[in-house]
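Q: I am new to this structure and would like a close look at a single part of it. Please take the salt bridges and describe them in connected prose.

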Amino acid sequence: MALTDRLPGHLFSTRGWGMLAAGVVSLLAAQVMGRRDMLTLGVLLIVLPLVSLAGIRILKPRFKVYREFNPASVETSSTTTVRLAVARTGVAAGQVVMEERLPSRFGESPAFRFPSRSAVGGTSRYEYHLRSGKRGQFVIGPVTAEFTDPFGLSLHRHAIDDGDTLTVTPAAVELPATGLAGARGNDGVTATRIRANPSDDDVMTREYRHGDPMRRVHWAATARHGALMVRQEESVTTPEATIILDQRWTAFARGPGAAYSATSGQDGHDLVTSDTFEWAVTAAMSVSAHLAERNYALRFLDPAGEPAFLHSPSAPEPEAEEYTGSAGLQSIAESLAAIQLSGAHHAAHHAPAESAPHPFDDRLMDKLSAHRQRGPVMAILGHLQAAEARSLAGAAGFGANAFAMIVTDHPGECQDAVESLRSGGWRAVAVSPGTSVPAAWSFFDQRDAAAATAAADVRRGTGDSR
């Protein structure tokens, strides 16, 4: 048995190796005994496995593989169901052993036999489940098939498809309700009449038309105009929220070993990331889901004013900036799946550092100015220098509200940057990656409550002095 284990397992089966051994013994016996029939038998025993080996490589069976993920993209720590349909398209063969190759993070690769017991119409169907604790894009497959000749003498294994890419998106965490909506209300919708002419009756009513329900009759306007008038449906506008997502290598990869590759070449696409950047990605996904539930249209930019997902290999539309509705939220999730740190570490190898765009400069300000006061501005940043904070501080004036979350391993070193942002009108907080995203989010309302309490104390103190 030990000798059999040392033989190449991808050429002949145990039966094939046995036949070859028997052929060699027959040849030796024919030589010693001078028996012609033993010589013929020995040649036959050696030739048969060799002919079967050549035949199985020339006339190898062909298959078609259909692979489906349900859901098509899955959140981290959630389960996706993989459905395989395998159909034979070439010459027939005996029983075939197949295996679905998986990245190591998904555990042992599933193996199955073709055809399956439940095969219908020549197509066998299989199903298994996958779950990943890390975001990214992972190649699932290919399916490899190991089949034998009709006599079971030789073996051949080869890939019968190219595999498919599974996208694992970051999971959003639920954020507590805050006063971020401001004057627009908690659902994020502003009625047009708020910004309309002072004469609501003239703007929001029209003459009665046949079929209009009587409950919409505006009796005050009817008396004034001398004709039956009805209320028009109020139009609404969708507010916009701009999210600035920092992805600079210099902001998140501070110190030796701060940045690392999240995957290996066998697992999928390599991601250059860090613990602080993973926190920022989760925050971006959570804030997006929080605002989308409140009917906000979302706009994503990077610190240089470029589309935030321009360099994300998983982005369905890399050059897009604006996202609306559930489809837009799904696009954001897929774009965040493989986003990674970029900037200085690439520039050093591929382009002069001077050609890299500068963060928080006029290009970003122009982008923010184009959507002035249409909604809040949210900045999710890495380690921020005081000079960078001063450049960003003035951007608070372009939003109805301005919020900044700075994630860094050393929050105390960013206090000057935080104060610069606050002096410019931002509500800012610096946290470590050990802080939960909901806790960082809650800070904004806590700070507002503290400021209101302080103002009330000042007013009471002034009243007492009188």
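**Salt bridges in the predicted model**

A: Some background on the whole protein comes first. Its accessible surface is about 23,900 Å², and carbon and sulfur atoms hold 53% of that area. The model is a predicted one. Of the 466 residues in the protein, 44% are buried. The secondary structure consists of 13 helices and 22 strands. Among contacts with a separation of 6 or more, 70% are between residues 24 or more positions apart.

Now to the part in question. The count of salt bridges comes to 15. One of them joins Arg67 and Glu100, whose closest N and O atoms are 2.9 Å apart. This pair links distant parts of the chain, since Arg67 belongs to strand S1 (residues 63-70) and Glu100 to strand S4 (residues 96-100), with the two positions 33 residues apart. Arg67 has a relative accessible area of 13%, so it counts as buried. Glu100 is also buried, because its relative accessibility is 0%.

Strand S1 also holds Glu68, which is linked to Arg83 in strand S3 (residues 79-88), 15 residues apart. In the salt bridge between Glu68 and Arg83, the closest N and O atoms are 3.9 Å apart. Glu68 is partly exposed, with 46% relative accessibility. Arg83 is partly exposed as well, at 32%.

A further salt bridge is formed by Arg363 and Glu306, with 3.3 Å between the closest N and O atoms. Here the partners are 57 residues apart: Arg363 lies in helix H10 (residues 362-370), and Glu306 lies in the loop between strand S18 (297-301) and S19. Arg363 has a relative accessible area of 41%, so it counts as partly exposed. Glu306, at 24%, is partly exposed too. Some salt bridges share partners, and in this way Arg67, Glu100, Asp161 and Asp164 are joined into one network.

The two strands on either side of the Glu306 loop, S18 and S19, also appear in an open sheet of 6 strands, which has the order S19-S18-S15-S20-S21-S22 and mixed pairing. Its edge strands are S19 (322-323) and S22 (427-431), each of which pairs on one side only.

For contrast, there is a nonpolar surface patch of about 310 Å², made by Leu39, Val43, Val47 and Val51. Val51 is part of helix H3 (residues 36-58). Val51 has a relative accessible area of 52%, so it counts as exposed.

Definitions and conventions: Residues numbered from 1 in each chain as written. Predicted model: local features only at pLDDT ≥ 70, side-chain atom pairs only at ≥ 80, totals over all residues. Heavy atoms only, no water. Pairing = 2+ DSSP bridges. Helix = DSSP H or I, 4+ residues; strand = E, 2+ residues; numbered from the N terminus. Buried < 20%, exposed > 50% of the residue type's maximum accessible area, 1.4 Å probe, protein only. Contact = heavy atoms within 4.5 Å. Areas by Shrake-Rupley, 256 points an atom, 1.4 Å probe, with all protein chains shown as cover. Patch = residues over 30% accessible without salt bridge, like charges linked within 9 Å, V, L, I, M, F, W, Y side chains within 5 Å. Salt bridge = Lys/Arg side-chain N within 4 Å of Asp/Glu carboxyl O.
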